[in-house]
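Q: I am new to this structure and would like a close look at a single part of it. Could you walk me through one helix and then its surroundings?

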Amino acid sequence: MITALLPCCLTNSTRSPEMLVLSVTLPGQHFCGMSYFEALSRGEMPPVREQSERVPLCNWAELTPELLKILHSQVAGRLIIHAEELAQMWKVVNLPTDLFNSVMNVGRFTEEIEWLKFLALACSALGVTITKTLKIVCEVLSCDHNGGLPRIPFSTFQFLYTYIAEVDGEICASHVSRMLNYIEQEVIGPDGLITVNDFTQNPMVWLE
């Protein structure tokens with residue numbers, strides 16, 4: 001059982017200060033969050049810093065945006081989903097149980113889970129940075145099936161960016177507000193949608 005899971009932001013010279021990293025501690029083991037999630041997503045045993053019993057995870061599926069899309073389709077537009085039901089969905093697609101527990105812990109979710117928040121944290125295991133995480137979330141949520149750029153309502157993007165920034169804890173609220181105001185006033189068109197390129201290719205938009 002995971003006994004502690006705290007978000008942190010690495011700021012040393014060897015790693016990007018914008019990384020959204022989850023630090024995970026299990027009984028008798030100490031993991032570095034990003035390496036932990038990278039290992040789990042590949043179906044490998046997470047690296048440990050202390051000697052401990054190793055349990056092979058070779059049978060786990062790899063966490064991918066495609067699997068998250070499957071989960072999102074099964075949630076079927078609901079804003080709230082019960083933890084037991086989501087855990088069963090997670091199990092059916094054969095994703096690592098420890099990863100599910102980690103997301104539950106970092107999000108401090110209980111019996112009723114806000115699906116978009118859970119999805120955002122799950123995507124952060126793939127995205128690492130806030131921008132990349134939001135890009136993956138946008139791809140998972142996009143309703144554009146015509147081969148165009150992934151796009152979601154700006155209101156959804158606003159909710160997700162604000163939440164992820166809060167979890168990260170290293171981005172001041174004024175910066176988040178300034179970026180959202182700029183995007184809404186200068187980028188978003190009459191359709192109220194935001195595309196991936198609007199926040200990944202625009203030099204005026206810096207989400208980190």
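A: Happy to, and a good place to begin is Glu139, which is found in helix α6. Please keep in mind that this is a predicted model. With a relative accessible area of 24%, Glu139 is partly exposed, because buried would require a value under 20%. Setting aside its neighbours within four places in sequence, Glu139 is in contact with Lys69 and Pro150. Glu139 can also be placed relative to Glu66: the two are 73 residues apart in sequence, yet their C-alpha atoms are 9.4 Å apart in space.

Now move along the helix to Thr131. This residue also belongs to α6, which covers residues 130-141. Thr131 has 17% relative accessibility and therefore counts as buried. Beyond its neighbours within four places in sequence, Thr131 is in contact with Phe199, Thr200, Leu207 and Glu208.

Leu207 is a good one to follow further. Not counting residues up to four places away in sequence, Leu207 touches Ile130, Thr131 and Leu134, and its list of partners also holds Phe157, Tyr161, Ile171, His175, Met179, Ile183 and Phe199. Some of these names return in the largest nonpolar core, which has 56 residues. Phe118, Leu134, Phe157, Tyr161, Ile183 and Leu207 are the members that touch the most other members of that core. Helix α6 is one of the helices that each supply at least two residues of this core. The others are α2 (65-75), α3 (83-92), α4 (97-107), α5 (115-127), α7 (154-168), α8 (173-187) and α9 (196-200).

From the core, we can turn to two of those contributors, α4 and α5. Their axes come within 10 Å and cross at roughly 120 degrees, so the two helices are oblique to each other. The crossing of α4 and α5 is right-handed. By class, the contact between them has 9 nonpolar residues, 1 polar residue and no charged ones. On the α4 side, the residues taking part are Leu99, Phe100, Val103, Met104, Val106 and Gly107, and they meet Phe118, Leu121, Ala122 and Ala125 of α5. Phe118 was named above among the core members that touch the most others. Within α4, the buried residues include Leu99, Phe100, Ser102 and Val103, along with Met104, Val106 and Gly107.

What follows α4? It is Arg108, with a positive phi near 55 degrees. That is a positive value in a residue other than glycine. Arg108 sits in the loop between α4 and β5 (112-114), and at 71% relative accessibility it counts as exposed. Ala76 also has a positive phi without being glycine, in its case near 60 degrees. Ala76 lies in the loop between α2 and β4 (80-82) and is exposed, with a relative accessible area of 59%.

Finally, let us step back to the whole protein. It has 9 helices and 7 strands. Of its 208 residues, 49% count as buried. Among contacts between residues at least 6 apart in sequence, 53% join residues at least 24 apart. Returning to α6, Thr131 is buried, whereas Glu139 is partly exposed.

Conventions. Residues are numbered from 1 along each chain as its sequence is written. This is a predicted model: local features need pLDDT of at least 70, side-chain atom pairs count only at pLDDT 80 or more; totals for chains, interfaces and linings use all residues. Side-chain values use heavy atoms; hydrogens and water are left out. Helices (H or I, at least four residues) and strands (E, at least two) are DSSP runs, numbered from the N terminus. Buried means under 20% relative accessible area, exposed over 50%, partly exposed in between (1.4 Å probe, protein chains only). Contact means heavy atoms within 4.5 Å. A nonpolar core is a set of buried Ala, Val, Leu, Ile, Met, Phe, Trp, Tyr and Cys residues joined through side-chain atoms within 4.5 Å. Axes are lines fitted to C-alpha atoms, for helices over the stretch in contact, and angles run from 0 to 180 degrees between N-to-C directions. Angles under 35 degrees count as roughly parallel, over 145 as roughly antiparallel, 65 to 115 as roughly perpendicular and the rest as oblique. A crossing is left-handed if the near helix is turned anticlockwise from the far one by less than a right angle, and right-handed if clockwise. Ala, Val, Leu, Ile, Met, Phe, Trp, Tyr, Cys and Pro count as nonpolar, Asp, Glu, Lys and Arg as charged, and the others, Gly among them, as polar.
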